[in-house]
Amino acid sequence: MADDGGSDTPAPETASDTRPHYFGVGCFTVLAGFAGGGMIGVLIAKFVGFAQRCPSDAETGAPCNWYTFAVYGAVAGAVILPTIAITSLRRARRRTQNSERG
């Protein structure tokens, strides 16, 4: 029996094959970016409050205007982290496909 050569080579991935994977990575990293960005925003608020000599809350030690910094940090993290993750994933897949071609 003659082998057509197609049985040993994997099928090329199409855009419809990778979209669910990108969607899953994007959803997970949005949540992680939102939480991480918010925490980094509060840390920045702590430094800014110290530099401006703003008194922190006596009971909790929360810095001044930490809500604003947390919201901006959370939104930035929810955009930046998925963008970096998906861009890196696409770049790695292109490199893998190019190295398989020869």
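## A cysteine to start with

Let us begin at C64, which has a relative accessibility of 22% and therefore counts as partly exposed. The cut-off for a buried residue is under 20% relative accessible area. Please keep in mind, as you look around, that this is a predicted model.

C64 has a partner: a disulfide joins it to C54, with an S to S distance of 1.6 Å. A search of the whole structure finds one disulfide, and this pair links distant parts of the chain. Both C54 and C64 sit in the loop between α1 (15-51) and α2, ten residues apart. Which hand does the disulfide of C54 and C64 have? The torsion about the S-S bond is about -85°, so the disulfide is left-handed. As for cover, C54 is partly exposed, with a relative accessible area of 27%. One more cysteine is worth a glance: C27 counts as partly exposed at 36% relative accessibility.

## Two residues in the loop

Stay with the loop for a moment and look at the backbone. Most residues other than glycine have a negative phi. Against that background, R53 is a nice residue to find: its phi is near 55°, a positive value in a residue other than glycine. R53 lies in the loop between α1 and α2. Is R53 buried or exposed? With 78% relative accessibility, R53 counts as exposed, because the cut-off for that class is over 50%.

N65 can be read in a similar way. Its place is in the loop between α1 and α2, and its phi is near 55°, a positive value in a residue other than glycine. At 54% relative accessibility, N65 counts as exposed. You can also locate N65 by its distance to K46: the two are 19 residues apart along the chain, and their C-alpha atoms are separated by 9.3 Å.

## Across from helix α1 to helix α2

Now turn to some pairs that are far apart in sequence. A good place to stand is G37, which is in helix α1. G37 is buried, with a relative accessible area of 10%; the cut-off for this class is under 20%. How many residues apart in sequence are A76 and G37? They are 39 residues apart in sequence and 6.5 Å apart in space, C-alpha to C-alpha. A76 is found in helix α2 and counts as partly exposed, at 33% relative accessibility. L81 gives a second distance from G37: 44 residues apart in sequence and 9.0 Å apart in space, again C-alpha to C-alpha.

F28 offers another pair to trace. This residue has its place in helix α1 and is exposed, with a relative accessible area of 61%. Its partner in the pair is P82: F28 and P82 are 54 residues apart along the chain, and 8.2 Å separates their C-alpha atoms.

## Patches on the surface

Which residues make the nonpolar surface patch of about 450 Å²? They are V71, V75, V79, I80 and I84. To find your way there, look for V75, which is in helix α2. V75 is partly exposed, with a relative accessible area of 48%.

A patch of another kind is positive: R90, R91, R94 and R95 form it on the surface. R90 can serve as your guide here, since its place is in helix α2 (residues 66-101). R90 counts as partly exposed, at 42% relative accessibility.

## Looking back

A short recap may help on a second visit. The disulfide joins C54 to C64, and its torsion of about -85° makes it left-handed. R53 has a positive phi near 55°, and N65 has a phi near 55° too. G37 is the buried residue of helix α1 described above, with A76 at 6.5 Å from it, C-alpha to C-alpha. On the surface, look for the nonpolar patch that includes V75 and the positive patch that includes R90.

Technical notes:
Residues are numbered from 1 along each chain as its sequence is written. This is a predicted model: local features need pLDDT of at least 70, side-chain atom pairs count only at pLDDT 80 or more; totals for chains, interfaces and linings use all residues. Side-chain values use heavy atoms; hydrogens and water are left out. Patches are made of residues with over 30% relative accessible area and no salt bridge: like charges are joined within 9 Å, nonpolar side chains (Val, Leu, Ile, Met, Phe, Trp, Tyr) within 5 Å. Accessible areas come from the Shrake-Rupley method with a 1.4 Å probe; for residues, only the protein chains shown count as cover. A salt bridge is a side-chain nitrogen of Lys or Arg within 4 Å of a carboxyl oxygen of Asp or Glu. Lys and Arg count as positive and Asp and Glu as negative; His and the chain ends are not counted. The place of a charge is taken as NZ of Lys, CZ of Arg, CG of Asp or CD of Glu. Helices (H or I, at least four residues) and strands (E, at least two) are DSSP runs, numbered from the N terminus. Buried means under 20% relative accessible area, exposed over 50%, partly exposed in between (1.4 Å probe, protein chains only). A disulfide is a pair of cysteine sulfur atoms within 2.5 Å.
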